[in-house]
Amino acid sequence: MIIPKIPVIQFPKWPDIILDLHNIRLNISISVPDFKLNKRPIVLPVLPELKLPSVPNVNITLPSLPLLPNFEIPELPDLPTLPKIELPDLPPPPKLPKIFASLE
């Protein structure tokens, strides 16, 4: 079989556009309606008196709770020191070409 080569179309690469919006000052005015409240007293009915029957004296004794044994934390040895890892020195970052130098 003969398979033709697929043409590769190169589109221009656009730079990343960053919009810095941290210094924008914006005000919004919100109008709130004015409410007029008509206050009226609430008349509550008189509640009848509640009479509880007399309760005889009752002696309640609770069993004693057992005590938990004392727990002592044993002395632990010191933790070993971590080894120092030496990382390689990284090369400096590449210098970017001046994009707008030709427009200046």
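How much accessible surface does the protein have, and what share of it belongs to carbon and sulfur atoms? It comes to about 14200 Å², with 64% belonging to those atoms. Keep in mind that this is a predicted model. You won't find any helices or strands here: the count is zero for each.

**Overall dimensions**
- The protein has a radius of gyration of 42 Å, whereas a compact globule of 104 residues would come in near 13 Å.
- Measure along the principal axes, and the C-alpha atoms fill a box of roughly 105 × 75 × 55 Å.

**Burial and surface**
- Buried residues account for 0% of the 104 residues.
- Isoleucine 17 counts as exposed because its relative accessibility is 73%, and the cut-off for exposed is over 50%.
- Ile17 also belongs to a nonpolar patch on the surface, alongside Leu19, Leu21, Ile24, Leu26, Ile28, Ile30 and Val32.
- Together, the residues of this patch have about 1000 Å² of accessible area.

**Charges**
- The protein carries 10 positive and 10 negative charges.
- The mean positions of these two sets of charges lie 19 Å apart.

Definitions and conventions: Residues are numbered from 1 along each chain as its sequence is written. This is a predicted model: local features need pLDDT of at least 70, side-chain atom pairs count only at pLDDT 80 or more; totals for chains, interfaces and linings use all residues. Side-chain values use heavy atoms; hydrogens and water are left out. Patches are made of residues with over 30% relative accessible area and no salt bridge: like charges are joined within 9 Å, nonpolar side chains (Val, Leu, Ile, Met, Phe, Trp, Tyr) within 5 Å. Accessible areas come from the Shrake-Rupley method with a 1.4 Å probe; for residues, only the protein chains shown count as cover. A salt bridge is a side-chain nitrogen of Lys or Arg within 4 Å of a carboxyl oxygen of Asp or Glu. Buried means under 20% relative accessible area, exposed over 50%, partly exposed in between (1.4 Å probe, protein chains only). Helices (H or I, at least four residues) and strands (E, at least two) are DSSP runs, numbered from the N terminus. The radius of gyration is taken over C-alpha atoms; the globule rule is 2.2 Å times the number of residues to the power 0.38. Lys and Arg count as positive and Asp and Glu as negative; His and the chain ends are not counted. The place of a charge is taken as NZ of Lys, CZ of Arg, CG of Asp or CD of Glu.
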